[in-house]
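Got the viewer open? Here is a short walk through the model, one selection at a time.

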Amino acid sequence: MKKIHRSITSGVVATGTFLASAGQVFAADIEVPDTFFTDVGGLISSVLTFVMAIGALLVFMYLIWGGIDWITSGGDKTKTEGARNKITAAIIGLIILAAAWAILSIALNFLGAGDLNDLLREGELIK
């Protein structure tokens with residue numbers, strides 16, 4: 001039981017750390033254009049930023065939901081198992097979300113662009 005509590009605590013701390021850093025990154029990347037998207041790069045970059053932010057928020061909410069289910073299970077094995085499955089799924093979702101962001105960042109750095117908007121605006125992928 002102590003091992004489960006340690007892993008849950010570690011997951012919550014890791015999630016909080018990721019969301020805090022992700023919030024700073026997302027807040028720094030959001031730009032409000034004067035007109036509706038004038039180029040494809042701006043549109044794709046804004047959509048990806050929005051999707052990543054929503055994904056992180058949903059993962060965090062699902063993790064909290066699993067924690068609440070765990071607390072309110074009252075020792076019932078089926079409810080505890082369901083809550084543990086929710087927490088596990090939330091942590092796996094967070095790992096997938098972070099991996100997708102990391103893969104995109106690595107690919108952009110490999111192509112020599114600071115972000116997706118720079119890469120598309122320079123016309124390297126879209127002519």
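## Start at Ala90

Select Ala90 and show what lies around it: leaving out residues up to four places away in sequence, Ala90 touches Val59, Tyr62 and Leu63. Contact here means heavy atoms within 4.5 Å. Before going on, note that this is a predicted model, where local features need pLDDT of at least 70 and side-chain atom pairs count only at pLDDT 80 or more, while totals for chains, interfaces and linings use all residues. Residues are numbered from 1 along each chain as its sequence is written, and side-chain values use heavy atoms, with hydrogens and water left out.

## The core around it

Keep Ala90 selected and add Leu63, Trp70, Ala83 and Ile87: together these five residues make up the largest nonpolar core. Such a core is a set of buried Ala, Val, Leu, Ile, Met, Phe, Trp, Tyr and Cys residues joined through side-chain atoms within 4.5 Å. Buried means under 20% relative accessible area, exposed over 50%, and partly exposed in between (1.4 Å probe, protein chains only). Which helix gives the most to this core? Helix 3 does, with three residues, though helix 2 (40-71) and helix 3 each supply at least two. In soluble globular proteins, nonpolar side chains tend to be buried together.

## On to Lys86

Now pick Lys86, in helix 3 (residues 77-110). Is Lys86 buried or exposed? Lys86 counts as buried because its relative accessible area is 16%. Setting aside neighbours within four places in sequence, Lys86 is in contact with Tyr62, Trp65, Gly66 and Asp69.

Add Asp69 to the selection. Asp69 and Lys86 form a salt bridge, with the closest N and O atoms 2.4 Å apart; the term means a side-chain nitrogen of Lys or Arg within 4 Å of a carboxyl oxygen of Asp or Glu. This pair links distant parts of the chain, with Asp69 in helix 2 and Lys86 in helix 3, 17 residues apart. Asp69 is partly exposed, since its relative accessibility is 22%.

## The other bridge

How many salt bridges does a search of the whole structure find? Two. For the one between Arg84 and Glu81, select both side chains and look for the N to O distance of 2.2 Å. Arg84 and Glu81 both sit in helix 3, three residues apart, about one turn of the helix. Arg84 is partly exposed at 32% relative accessibility, and Glu81 is partly exposed too, at 35%.

## Out to the surface

Switch on a surface and colour Leu43, Val47, Phe50, Val51, Ile54, Leu57, Leu58 and Met61: they make a nonpolar surface patch of about 720 Å². Patches take residues with over 30% relative accessible area and no salt bridge, joining like charges within 9 Å and nonpolar side chains (Val, Leu, Ile, Met, Phe, Trp, Tyr) within 5 Å. Click on Val51, one of the patch residues: Val51 lies in helix 2 and is partly exposed, with a relative accessible area of 48%.

## Zoom out

Finally, show the whole chain as a cartoon. There are four helices and zero strands, running α-α-α-α from the N terminus on; these are DSSP runs numbered from the N terminus (helices H or I, at least four residues; strands E, at least two). Of the 127 residues, 24% count as buried. Among contacts with a separation of 6 or more, residues 24 or more positions apart account for 62%.

Notes. Accessible areas come from the Shrake-Rupley method with a 1.4 Å probe; for residues, only the protein chains shown count as cover.
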